[in-house]
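Please look through the sequence and the model below before reading on. The paragraphs that follow lead from paired charges to a metal site.

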Amino acid sequence: MLTSDSTLRSAAPAPGDAVDLPVEASVVLAGGTLVEVHPPRMGVADVLVRGETIVQVGGQMPEGLPRVDVGGCILTPAFTVAHTHLYMSLTCGMPPPPSTPRTLTDVLQWVWWALDKALDDDLVHTSALVGAAMAAKAGAACIVDLHSSPRAIDGSLDRIESALDEIGLRGVLSYETSDRDGRGRRDGGLSENRRFLEKVRAGKTRHRAMVGAHAMMTLNDDTLDAVRELADAHSVGIHMHVAEDLTDHLDAERIRKAPLAQRLERVGIARKGSVVAHVVQLETELAEAMMQAGAYLVTNPRSNMSHGVGLCGISGNRLALGTDGGDHDVLADARAYHLRHAEARDGLARETGARLAAGQELAAQLFGDPTPPRIVAGARADLAVLDYAPMTPMTPSNVIDHLARGWTSGHVRDTMVGGRFVLRDRKLANIDERELVLRGRAAAGRLWERMQGYT
Ligand SMILES: [Zn+2]
C-alpha cells in the first residue's frame, strides 16, 4: 500500500492487499521507496512478485523466498516508450546530411528516408536489439514501435520481435505504410502489418500490434481506406504521425483538396488504441476528439526540438511521452517536456508525471491488463529500480520536481518486465552486453556507409 502523506513511512498491509495466485517463481523486492508519479503516491514497503504479477505490497512477507535488496532505491512502475522507431537506434554519431536542413521535409528526405532505405534484414534486427537494450537500461518495459525498412519489409516485424525477446521487453509493433516509395512498397507495408496482426490474433507472439502508417502527407486517399479497413478487420488502433509540422495541412489542402480533418476522419484514426504521434500543429478540438474516442496522443519533446517543429501545447489524460527514435530514454523526454513547457509558461510543466503515467496506461490497455499499472497487488510486475538518493526531501507534493530535475536513466539500476529482471545491477540480464556493443558499432558503420547511396 502506498501513502499520499507528505512523509515517507512504512506502509501497513490492508485486507485484500494480497492476491492468491498459483505458486511460480517468487521474489521479494525488499525495502524500496515505492513511487507512483500520477497521482503522486509514495511509501516504503516490501513487494512480493510471483510469476508475472505483484501479489503483495507491504506487510509480513512469506518466509524463505529469494530477496532483492532495493533499500534506499526508488521502486516505480517501469516506463513505456509510447512512440519510437527502433530502426533509428544506430544513429548516434552518424555523419550529418550534406547541408543544414531547413524544413522537416529536408530532415525526412536527407536523413530518415536515406536511413530506412539502407536497412537490410540484419540491420533491422541489430538496430532493434541495440534499441531494446538502450530502453531496458533506461527503465522501460514496453516499446510502442513504428518501423520502416522499405527495402527489407517482409518479416521485418518478426526481426524486431526477436530482438525484443532477446532483451526481454514487450512491444507493440507496426509497419510504417506509405506511398512515398511507390505502390509495391505500400502494398508490402500493408501486408507486413496484416501478417503480424494475424500472428497476434493466433496467439503466436507475446507482443501486440497496430496498423502502422507514416504520416498523412505520404498517404494517398486509397491508402487511407486500406489502413482503416485493416484496423477495422483486426479491431486495433492505428499508429502514425500527424501534424508534426504544417506539412500535413498544406498537403491536404493543396494536393488532396480536402482539409486535414476530413482526411483524418477518412482513415479513422480516432479510435480506441490508436497512437497519434507529435500533433504539434493539430487543432485542440481535433486532438480532444481523438482522445475522447480512446486514442492516445504522444508528444516527443526532444525530437520536436531537434527537427525545429515547435511545441505541442495539448493537455489531457491520454497524452503520453515518446522519444521518436534516438535513445528510447523516456526520462530524458520527461525532463525536456518539463523544461520546454516551463520556458513556454503554458502551465503544462506540472503535468510531467501525467505524461509518463499515460504511457504506462496505454501499455496496460493494449495488453489487456486487468489491473492498472501501479504498485498494487494484481498489477503486472513491470518495475524499475532507480538508485536515487536525493540531497533534498522527496515527498508526494514535490516528486514531479524530482522526476523532472533529478531522475535520469543513469539512476536506473534494475528493470523488471513481467516478473523477470531484464536489467540487474545495471547489466543486461539476457545478453552479453560486450558482444552487443561490438555488434552495434560494426552494424552502425555498415549502415552509415550504405546510407551514402540514398542521400
Ligand atoms: Zn516518429
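A salt bridge, as the word is used here, is a side-chain nitrogen of Lys or Arg that lies within 4 Å of a carboxyl oxygen of Asp or Glu. The model shown is a predicted one, and by this rule its salt bridges come to 35. Side chains of opposite charge can pair when their charged atoms come close.

One such pair is formed by Asp 221 and Arg 263, whose closest N and O atoms are 2.9 Å apart. This pair links distant parts of the chain, since Asp 221 belongs to helix α5 (residues 221-234) while Arg 263 belongs to helix α7 (residues 260-267), 42 residues apart. Are the two partners buried or exposed to some degree? Asp 221 counts as partly exposed, because its relative accessibility is 27%, whereas Arg 263 counts as buried because its relative accessibility is 2%.

A further salt bridge joins Asp 251 to Arg 256, and here the closest N and O atoms are 3.0 Å apart. Asp 251 has a relative accessible area of 8% and is therefore buried, and Arg 256, with a relative accessible area of 18%, is buried too, because buried means under 20%. These two pairs do not stand by themselves, for Asp 221, Asp 225, Asp 251, Arg 256, Arg 263 and Arg 266 are linked in a network of salt bridges.

Another pair can be followed within a single helix. Glu 192 and Arg 195 both lie in helix α4 (residues 183-201), three residues apart, which is about one turn of the helix, and their side chains meet in a salt bridge of 2.7 Å from N to O. Glu 192 counts as buried because its relative accessibility is 2%, whereas Arg 195, at 30% relative accessibility, counts as partly exposed.

The last stop is the metal site. Which residues coordinate the zinc ion? The donors are His 83 (NE2), His 85 (NE2), His 241 (NE2) and Asp 324 (OD), at 1.9 to 2.1 Å. The angles among the four donor atoms run from 94 to 152°, and the site of the zinc ion is irregular. Along the sequence, the donor residues follow the spacing H-x1-H-x155-H-x82-D. Distant parts of the chain are linked here by His 83, in strand β6 (residues 79-84), and His 241, in strand β11 (residues 238-242), which are 158 residues apart. His 83 counts as buried because its relative accessibility is 0%, and His 241 is also buried, with a relative accessible area of 6%.

Methods
Residues numbered from 1 in each chain as written. Predicted model: local features only at pLDDT ≥ 70, side-chain atom pairs only at ≥ 80, totals over all residues. Heavy atoms only, no water. Donors = N, O, S within 2.8 Å, 3.2 Å for Na, K, Ca; no water. Tetrahedral: all angles 85-135°; square planar, octahedral: opposite > 155°, others 65-115°. Helix = DSSP H or I, 4+ residues; strand = E, 2+ residues; numbered from the N terminus. Buried < 20%, exposed > 50% of the residue type's maximum accessible area, 1.4 Å probe, protein only.
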